[in-house]
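Thanks, everyone, for making time this morning. I would like to walk through one structure with you, so please have a look at it before I go on.

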Amino acid sequence: MKYQIAILAENKPGVLTHVSGLISRRAFNIETINAGYTEDADVTRINIVVDANDETELNKVIHQMAKLIDVIKIVNISELASINRELVMVKVKVTSSAIRADIVNIASIFRAHIVDVGHENVVIELTGEQDKLAALIDMLNCYEILEIARTGPIALSRGIIPVKNM
Amino acid sequence: MEGSAAIIKCLKENNVDTVFGYPGGMILPLFDALGRDESIKFILSTHEQSAAHAADGYARASGLPGVCIATSGPGATNLVTGIATAFMDSVPMIIITGQVDSDLLGKDSFQETDIFGITMPITKYSFRLRKADELVVVLRKAFELANAGRKGPVLVDIPKNLFFCDVPYPKYNLQKRETDRPDADFLICAAEAQKKILQSHKPIIIAGGGVIFGQASDELRKFAEKYNLPVVVTLMGIGSFPADHELYMGFAGLHGRKSANCAVAEADLVIAIGSRFGDRQTGNITEYVNDKHFIHIDIDPAEIDKNVHSSIGLAGDIKIILALLMQQKAVDDLAKWWNRLNELRKEDDFEYTGAYDVPNVMHHISQTINRGDYAVVTDVGQHQMWAAQHIERFKPRTWFTSGGLGTMGFGLPAAVGIQIYYKHDRRVIHIAGDGGIKMTGSEYYTIAALNLPIISVIINNESLGMIRQLQKVFYGTRYFSSEFKYRMNYAEYVNSFGIDTYDVHSMDEFVEALSNAISENRPKAIIVNIDKEFVEPMTKMDCGINTFIKF
C-alpha cells in the first residue's frame, strides 16, 4: 500500500539525507521524494510516497521520523481529503509530420502542453494525478519515447487548515 | 572570545569537569586551550575508540553527558564504534571533532572525512559547524539534545579555523523546561493500565535500562511492592531492582535465568518499563506475544508498538508514570501465580559447587563484593552472560555493559571512565574475555598511568567462547576462527604496563588473588585460565523463550 506523507522540516543542510536515510534504514521503500520551499522561509516541505504493508508499519516510520530533531510536523495526507498532483515531461521521437500530428492530438486530448518542438522530437508536459500520467505515457509508448522526467507527487489537504496546524 | 576558549567556557557552563580524547592536527587548538585551563581534567586514551567508550562509561556512571574529543579523518572514524555503542544504549554524549579548515572542505584535503554524514544514523543529532558565531549556540543545543528525553550521543564537527575565530558568547538563559503534565487522554490510558494490572492473574514487570537512566528505581520498587508484582530485568536493567528482593525473578533474555524466562512466557500481562523489547529479550516475536497483554512504559514514543504491539502504551517520564499507576488500591489475589513462580525458582536453583568454572568464579566475585561499594563492568561475550547470571547487583549504576550494540572491547575503556567518575568511592571490577582484551587492552596503559584502582578479571579460555558456542549450536560444531591455537601470556602482557597480575589456574588461587587484589587500592589484573565451556541456559530464539538448547 502506498502512502503520501508530508513532512515539514527546518530548512537546514542535511535534512533530506536525515529523512531519507532513516526511511531506508528502517527498511521502507521510498517510491518518490521531493522537497521545496514553503510559505515560511525556514521551513522545507518534503513530500514522500512510501510503500508500507499497512498503517501500523507506516506509523512506526512516522514515529521514528518525528524523533528527528529537524522535523517539525509529519502528516499522512492519504488519510485526508486532498488534492494530489504530479508533473511529467516526456520527450518523444518524431520521424514524420504524421506522427507529430498524432502526438499533438494526444496531448490536446490529455490537456497536456507541447513545451518544446525540434526537428526530430517534441516534449510534452502534463500535470495531473498519477493514473492520468500513466494513461498518457501508455499512449505515447506507441511511439518512441526518448526520455521521461517526473517530479513525484505533491499533495495538499482540502479545507482551510494547513498541515502545520494539524 | 577565541573559539576554543568559548568551547571550554561552554563545557564548564554545562558542569563538565572531565574530557576524554586523543589529539590530532585539526583539534589541536582545542587541546591547547584545554592544556592552559586547569579546571577541566583531560584523560588521554590510547585510541579514539577507547576515548569514546571511556566518555560513555563516565556518562553511564554519572548520568551526565560524557565528553570526548578527537581530530578529523581517522580520529573521527575511530570514534564511530564508540558512538554507535552509546547510541544503542541511549547514553548521553557530546563528541567534538576537529575538521579541516573551512576553505579546504570538500576538496579531499588531508585527513578530511564527512564525519557528519557518517555519524548521522548513530547519533541523536550531528552538527556541521559552518559559521563561527554559531559555535556557542550549537554547543549549548548539543548538550540540551543529548540530555533531553531519551538520551543519546550528539556530535559537533568544527573546522579548525573556527577555533581561532573571535566568537560571540551570548548570555545563557537557563530555561528550566517544565515536565509535560499528563493530559486527559494520558490519564485515561493510565487508568486503563491500572485496571489491567488489577484484573490480570499472571502479571510480570520487565525492567530495562530506561529505569536506570530515568532514575526511577525507587518508584519501580514501590510499584512492584504495592501490587506484589514479580520483576525480571533485561541485560541493561540489571541493578534497577535489588537482586535480593523477594519479588526479584532475575535476568531474562537469550541467556537469562530459566525461571525468569518461563515466568515471562507464562505471564498474561507484561509491564515493560524502560525496555524496548529487543530481540535478545523476546526471541521469536509471535511466540512471545502469544495471548499476552502488554503495558509499555517508555520515554520514547517511537518505542511503543515498534517491536511488540502494546495493548496500552504510556510514553513519558517513568517516575511520573509509575507514580500515576500507584493510585489504585491493590487487590492481592496473585497467590496462585506466586506459587507457580516459586515452583519455577525452585526448579532453577543453581547449585554453586565451588568447582573451577566461570559461574563459580562469578559467584565468588558476587559474594566477595556483595553489598560493598563496587561497580561491575563487563566486556561482551560468554563472560558477560555468566556475569549477568551470577553476579548480584542491588543498586542502579553498579552494572555496566554494552547491551544493544554488543561491542567487544567496550569493557576496559569504559571501566576507565567509570572509575574516574567514582574516584575512590566505588571500585570498579572489570570482567572481560581474552578476545576483548586483545582489542582494547592498550587501555591498561591509561589505567596504569592514572593509577586507577580497577580490578581487571580476564577470563582466558583461549577462544572466542560465544562464537564457538554459536558454531556448536548452529554450524554443526565446525569451529573456525574461534579457537586461539597460538598462546600468549596475558599476565606478562598486563604486567608490562606496570600492573600487578595474578595468573590463576584453580579456584583456590582465584579466591586468594581476588582477596589480595581487593586489599590494595591500585590497579590489579587477575588472569583466570580456564576450560572452554558453553553458557547455559540458552533459549531457542526461533521457538519460545521458555525453550532451551541442550548442550
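Let me begin with helix H2 of chain A, residues 55-66, which lies across E1, E3 and E4 of chain A and runs at about 165° to E4(A). Helices (H or I, at least four residues) and strands (E, at least two) are DSSP runs numbered from the N terminus, while axes are lines fitted to C-alpha atoms, for helices over the stretch in contact, with angles running from 0 to 180 degrees between N-to-C directions. Contact here requires C-beta atoms, placed from the backbone, to lie within 7 Å.

As to provenance, this is a predicted model, in which local features need pLDDT of at least 70 and side-chain atom pairs count only at pLDDT 80 or more, whereas totals for chains, interfaces and linings use all residues. Residues are numbered from 1 along each chain as its sequence is written, and chains are lettered from A and ligands numbered from 1 in the order in which they are written.

Helix H1 of chain A, residues 15-25, lies across E1, E2 and strand E3 (43-51), at about 165° to E2(A). Beneath that description is an open antiparallel sheet of 4 strands, ordered E2-E3-E1-E4, where pairing needs at least two DSSP bridges between two strands. Strands E2 (29-37) and E4 (71-76) of chain A each have a single partner, so one side of each is left without a neighbour in the sheet. Strand E1 (residues 2-10) of chain A is joined to E4(A) by 5 bridges, and A:Ala9 has A:Val71 as its bridge partner in E4(A).

Finally, 9 residues of chain B are in contact with 12 residues of chain A.

Conventions. Two residues are in contact if their C-beta atoms, placed from the backbone, lie within 7 Å.
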